[in-house]
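Hi there,

Here is the structure I promised to pass on. Have a look at it first, and then read on for what turned up.

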Amino acid sequence: MSTTDTERAAALRRMKLVATGLLAVMAVIFVIAFALQDTYPWLQYVRAAAEGGMVGALADWFAVTALFKHPMGLKIPHTAIIPRKKDQIGESLGQFVEENFLSEEVVRSKLDSARIAQKAGAWLSKPESADRVAAEGAALIRGMFTVLDDDAVQRVIESMVRKHLLDPPWGPPLGTIAERIFAEGHHHRLVDLLVDRTADWVDANYAVVTRVVAQRSPTWVPRLVDGVVGDRVHAELSKFIRAVQADPQHDVRISIDTYLRDLAQDLQHKPETIAKAEEIKGQLLDDPRVRDLTARTWSTIKAALLEAVNDPESELTTNFTAAVRDFGSRLANDDELAGKVNRWVADGASYAVRTYRSEIAGVISETVGRWDAEETSRKIELQVGKDLQFIRINGTVVGSLAGLVIFTVAHAVFG
């Protein structure tokens, strides 16, 4: 037995001794009074009181004992009630709890008066509480990483990547996104950047342009002519790029816009373009690359989280602790938010009670049903036996008073 059960057993034994001792006292008084009542007539009243006390004590001893076992080992009908009716008692107790405690009205009323959100907010807003939540969260994350199998997690990530990234065709969704981007002109900045970089390159590479022109000219052309032609080509090329830079409606820009819009349409509707996009996807993300990507993704996430949770001063821990305290302060001070949280808690508890009340109450009857009959009787007697011994004591006292009153009245009436 536990320490508490040992203490209860000791208290029960003491109360049994007191009740039994009181019965013995009444018996001794009765014998003495009965023997001396002819010599001392007033002892008749004492005898009557002691007689009534013994009757009350014996009757209540029988009643209390009959709850837990057969009195004196005699299998008298309707005794040993708890061992015989154990299963019915468990079912009745479960039904009583279900009908009187596991009801939506009772649960909602209790939760409304409990103000759970405000109390939780006041607790979370304390620095030591937020630190404790952060520490428990870190322990939870470490425990999860200890339990999780890296290969299994990588397989899950890989399956998700394949399902949501690789299996669906890329062409139509990319075409839809590109069509919207091109229609709203968001690509113009990129075109401007490319034109500017091209202009800068032309300006910075005069020698490269002239050398390329000289390399492409026939061998019979004089070198002087190559220089003049190269200079002219560079000048025209620079002039052309400047014109594209300066004119938002330049033919080159319009041609680029037209090409991009056509490409967006082809990605959505042209089978050849869609197939080309799928081919590019396959080249970029073949099986080895996908497996390597998922492995590196998981290892990076795991290492980053473990490093963050193991460092109390890390940005993640600091931000999480601050977020917990801020949320606690809002719960404690924002009545609207606290009301919403309280309603969520009440709704969740009501749903659980409404849906699983029978299963919850069934735990009581099933648990009692698995108990041994004698063990059940001992468990219940340890819990309430001490108080039941007061019934024996009260029965002795009340029986004594009743016996005295009855004898006195009878003596007064009949002499």
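Let me start with a question: in which helix is Ile 393 found? The answer is helix 18. Before going further, please keep in mind that this is a predicted model.

Ile 393 is a handy way into the fold. With a relative accessible area of 14%, which is under the 20% cut-off, Ile 393 counts as buried. Apart from its neighbours within four places in sequence, Ile 393 is in contact with Met 15, Val 18, Ala 19 and Leu 22. If you would like a distance to check in your viewer, take Ile 393 and Tyr 45: they are 348 residues apart in sequence, and their C-alpha atoms are 20 Å apart in space.

Those partners of Ile 393 lead on to the packing of helix 1 (residues 3-36) with helix 18 (residues 373-414). The angle here is about 15 degrees and the axes are 8 Å apart. Angles under 35 degrees count as roughly parallel, and helix 1 and helix 18 are therefore roughly parallel to each other. Their crossing is left-handed. On the helix 1 side, the residues making the contact include Met 15, Val 18, Ala 19, Leu 22 and Met 26; on the helix 18 side, Phe 390, Ile 393 and Thr 396 are among them. Sorted by class, this contact has 11 nonpolar, 6 polar and 6 charged residues.

Helix 18 also packs with helix 2 (residues 43-68), at an angle of about 155 degrees and with the axes 6 Å apart. Because angles over 145 degrees count as roughly antiparallel, helix 2 is roughly antiparallel to helix 18. Helix 2 passes helix 18 in a right-handed crossing. The residues of this contact divide into 14 nonpolar, 13 polar and 4 charged.

Next, a look at helix 6 (residues 116-124) and the loop that comes before it. Arg 115 lies in that loop, between helix 5 (104-114) and helix 6. Although Arg 115 is not a glycine, it has a positive phi of about 50 degrees. The relative accessible area of Arg 115 is 45%, so this residue is partly exposed.

Which residues of helix 6 are buried? They are Ala 117, Gln 118, Gly 121 and Leu 124. Seen down the axis of helix 6, these buried residues fall within an arc of 130 degrees, so they line one face of the helix. They pack against helix 7 (127-147), helix 16 (315-333) and helix 17.

Helix 11 (residues 206-216) can be read in a similar way. Its buried residues include Val 209, Thr 210 and Val 213. These cover an arc of only 90 degrees around the axis, which puts them on the same side of helix 11.

Last comes Leu 337, which lies in helix 17 (residues 335-370). Leu 337 is buried, with a relative accessible area of 15%. Leaving aside its neighbours within four places in sequence, Leu 337 is in contact with Arg 330 and Leu 331. Leu 337 and Leu 263 are 74 residues apart along the chain, and their C-alpha atoms are separated by 50 Å.

Happy to talk any of this through whenever it suits you.

Best wishes

Methods
Residues numbered from 1 in each chain as written. Predicted model: local features only at pLDDT ≥ 70, side-chain atom pairs only at ≥ 80, totals over all residues. Heavy atoms only, no water. Axes fitted to C-alpha atoms, helices over the stretch in contact; angles between N-to-C directions. Helix = DSSP H or I, 4+ residues; strand = E, 2+ residues; numbered from the N terminus. Parallel < 35°, antiparallel > 145°, perpendicular 65-115°, else oblique. Left-handed = near helix turned anticlockwise from the far one by under 90°. Contact = heavy atoms within 4.5 Å. Nonpolar A, V, L, I, M, F, W, Y, C, P; charged D, E, K, R; others polar. Buried < 20%, exposed > 50% of the residue type's maximum accessible area, 1.4 Å probe, protein only. Arc of directions from axis to C-beta.
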